[in-house]
Amino acid sequence: MGLPELYWLPHAEDFDARIRDLKQSKASSSDLVAGLVNLANRRLDFLQTTRLDRIFQKRLAEIEQSDAAPARIKLALLASGTVDHLLPAIRVAGLRRRLSVECYVAPYGQYAQELLNPASELHGFAPDAVLMSVDVAAAVPQLPLELDRGQVEAEIATRIAELRELWRLAREDLRAIVIQQTVLNRALPIFGQFESRVPAASGALVRRFNLALTEAAAADNALLLDLDWCAGQIGINRLGDEMLWHHAKQEVSPAMAPLVGDLLGRQLAAIRGLSQKCLVLDLDNTLWGGVLGDDGLEGIVLGQGSALGEAYLAFQRYAKRLSERGIVLAVSSKNDARTVEEAFQRHPEMALGLSDFAAMEVNWEDKPSALQRIAESLNLGLNALVFFDDNPAERTLMRETLPDVAVPEVPDSPEHYARCLADAGYFEAVSFTADDQRRTQQYVANRERKKLEAKATDMKGFLSGLDMEARIGPFSQLDLARITQLINKTNQFNLTTRRYNETETEAMTTDPSVATVCTRLKDRFGDNGIISVAIARLDESADEPVMEIDSWLMSCRVLGRKVENVVLDELVRQARDRGAVALRGEYIPTARNELVRQHYAELGFAPLTTPEQSNGHSRWVMQLDDYRPQNLEFFKVVRADD
Amino acid sequence: MTESETYDALNGIFREVFDDEGISLTPETAASDIPEWDSFNHINILIASEIKFGVKFNASEVEGLKNVGDFVRLIQSKLAAG
């Protein structure tokens, strides 16, 4: 178990030389960013991490001005101990995912005061996320040992209620996502192994406390930085020790900062929609042992009967489980396509079947091209892909050709594959929605739709053949997790690419000046779930009230289905309800949203600016008195009312 | 490990911690000689040394250190004790 060394990342053989190069670099800022991200994706110890962070911070202003500027997130750390030594590792973990993390550390032990005081530096900082970290002594009271279970639970409930009040302040006053660290169980047993049988004994108390914390987090939609779990993985005395606590009030040793920083970096990236979404698997010696083309269907090693066969099977089962939670699976293998199909259909021990893969690239072409085609066919960015291949040459080629693809170092033996993938944390989640569970079915249904599209002779015939039903209306409480997920991960069909967290989307539902539109789409191939989100705000500063479309985005899975026309009808309806006379829209160009440059023109909006005036940024308007609803005959529109 | 090898290894750690290739330690070097030698970097030096030399320091040993000479003597005694 090598978690502390970030063992899934490749070594940085020439670290010193590359740091020297970066320091003296006169390279353009995009090359500088590429160099920094590349080094951040190496297996660095805590001193190397600190040195890389120094260069990153020194050149930050220049980096943030550049075209290659990473996404940004502001993190406030509120802790009862010292956390400053974790900051370089947190920032490097962000950089690893092309995320620039700006950190603010509240004065030692002052988190409650900072949260309560609207004039505090914390409020001025306006964090997107707040990490609350409380050590065992600060979190859990010392109780008289004779208290029974009920009394102990009442004490814990009081503490949890106090914490939840702080979470509420962070959520409502700061509009921030709360990340609560679980309490590290450093309590020393006074009863030995009998400890957990005595409710008021500290060891037992901390366990109950963490359990109650988990339940409260689920109720309040807070995230958990699960250090207690991490300690269970690597050993609590490796994570930190008493010398560091008494000497420097560090719960986590500087040596473990790269690991803890990465655990947090994953969550920050997930908040920004930067978690990976698709696992691309090699086949020979990755999903089974041996080479299918040479050894034949009977010769490959898979399944019960041998240790290696069971190990490959366990890895397939882990991949299957990932797909059940919404991670899309794909194959990239140099093999004969028919032999592979036959193997999946006929080998009795396969846990994965052909229908578990949303894309199959089985041919003799180079793998970087295969991954580009997979990304394209699934409408995903390359940074959404993880490439898992036992062949080191393929991994090196992939890293050099497509640096945005995540490429873990695959362990030497298959019994370690699944753990490697789990430890690397590519698929960190901040929510789990019904749509996640249906994802693979949706991609498979999409393949069927494409077949129909190929057959249909005209567009209208194709659309009518789909039997589409759109369910449309304001955001509902139940859908906020999926709505927020879509807001944070949609890059292509996204007019403004503004990101909001769940606290913010929730606030929109109760603000009468904000119009929200959420659209679900069903068709004869299945339920696509929530696929489009639009947000508009009433601007009453002008002579006549106008609705400003703040955000408009859609999943590319349903491109070309005229969903945007249905959404426009709903936006107009809600704008009229609020007394607006016009709708205004804007397009903010990014590296990924060229697709929608003409979106407003195509819907009949008139330009307010020309792109030449303003770097491609354009503004548009539509008067509402002459707007007629579109009434598309191939759409059944159902209004989901407030 | 000889005393001079310990100095060399420690010098490497200091250069990494302070990102300064010009650092050259003597027995008299103390926190006041290196402006960035604050409590944060102090802990980093201790932890990096624990990893490098394969030893563990305890709180009472760490309290008593006045300069690099003291620290090298502490490391040497730990290494000798095995």
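In this predicted model, 45% of the 82 residues of chain B count as buried. Chain B is built from four helices and zero strands, so its elements, read from the N terminus, simply run α-α-α-α. With a radius of gyration of 12 Å, close to the 12 Å that the globule rule gives for 82 residues, chain B is as compact as a globular protein of that length. Its C-alpha atoms fit into a box of roughly 35 × 25 × 20 Å along the principal axes.

What share of the contacts in chain B with a separation of 6 or more comes from residues 24 or more positions apart? The share is 52%. On the outside, the accessible surface of chain B comes to about 4300 Å², and 51% of that belongs to carbon and sulfur atoms. As for charge, chain B carries 6 positive and 15 negative charges, and the mean positions of the two sets are 7 Å apart.

Now for chain A. Its secondary structure comes to 26 helices and 17 strands. A compact globule of 642 residues would have a radius of gyration near 26 Å, and the 26 Å of chain A agrees with that. Along the principal axes, the C-alpha atoms of chain A take up a box of roughly 75 × 70 × 60 Å. Buried residues make up 55% of the 642 in this chain. Among the contacts of chain A with a separation of 6 or more, 73% link residues 24 or more positions apart.

The accessible surface of chain A is about 27400 Å², with 49% of it on carbon and sulfur atoms. There are 73 positive and 93 negative charges in chain A, and their mean positions lie 1 Å apart.

How do the two chains meet, and how many residues does each bring to the contact? Chain B brings 18 residues and chain A brings 17. Three residues of chain B, namely Glu16(B), Asp19(B) and Ile43(B), supply 37% of the area that chain B buries against chain A, more than any other three residues. The size of an interface is often given as the accessible area lost when the parts come together. For chain B and chain A, that comes to about 1600 Å², with 61% of it on carbon and sulfur atoms.

A few spots in chain A give a feel for the details. Take helix α23 of chain A, residues 480–489, which is mostly covered: eight of its 10 residues are buried. Among those buried residues are Leu480(A), Ile483(A), Leu486(A) and Ile487(A), along with Arg482(A) and Asn488(A). Past this helix, in the loop between α23 and α24 (502–510) of chain A, sits Thr497(A). The phi of Thr497(A) is near 50°, a positive value in a residue other than glycine.

Lys249(A) is another such case, with a positive phi of about 55° although it is not a glycine. Lys249(A) belongs to the loop between α13 (242–248) and α14 (257–271) of chain A. Is Lys249(A) buried or partly exposed? At 26% relative accessibility, Lys249(A) counts as partly exposed.

Lys320(A), in helix α16 (residues 307–324) of chain A, is also partly exposed, with a relative accessible area of 26%. Leaving aside neighbours within four places in sequence, Lys320(A) touches Ala351(A), Leu352(A) and Asp356(A). Lys320(A) and Leu352(A) are 32 residues apart along the chain, yet their C-alpha atoms are separated by 6.4 Å.

Phe462(A) offers another pairing to look at. Phe462(A) and Leu52(A) are 410 residues apart in sequence and 54 Å apart in space, C-alpha to C-alpha. Phe462(A) has its place in helix α22 (residues 459–465) of chain A, and counts as buried at 5% relative accessibility.

Lastly, there is Asp220(A), found in helix α10 (residues 202–220) of chain A. Asp220(A) has a relative accessible area of 14%, so it is buried. Which residues is Asp220(A) in contact with, once neighbours within four places in sequence are left aside? They are Arg164(A), Trp167(A) and Arg171(A).

Definitions and conventions: Residues are numbered from 1 along each chain as its sequence is written. Chains are lettered from A and ligands numbered from 1 in the order in which they are written. This is a predicted model: local features need pLDDT of at least 70, side-chain atom pairs count only at pLDDT 80 or more; totals for chains, interfaces and linings use all residues. Side-chain values use heavy atoms; hydrogens and water are left out. Helices (H or I, at least four residues) and strands (E, at least two) are DSSP runs, numbered from the N terminus. The radius of gyration is taken over C-alpha atoms; the globule rule is 2.2 Å times the number of residues to the power 0.38. Buried means under 20% relative accessible area, exposed over 50%, partly exposed in between (1.4 Å probe, protein chains only). Contact means heavy atoms within 4.5 Å. Accessible areas come from the Shrake-Rupley method with a 1.4 Å probe; for residues, only the protein chains shown count as cover. Lys and Arg count as positive and Asp and Glu as negative; His and the chain ends are not counted. The place of a charge is taken as NZ of Lys, CZ of Arg, CG of Asp or CD of Glu. Buried area is the accessible area (1.4 Å probe) that two parts lose on being put together, summed over both.
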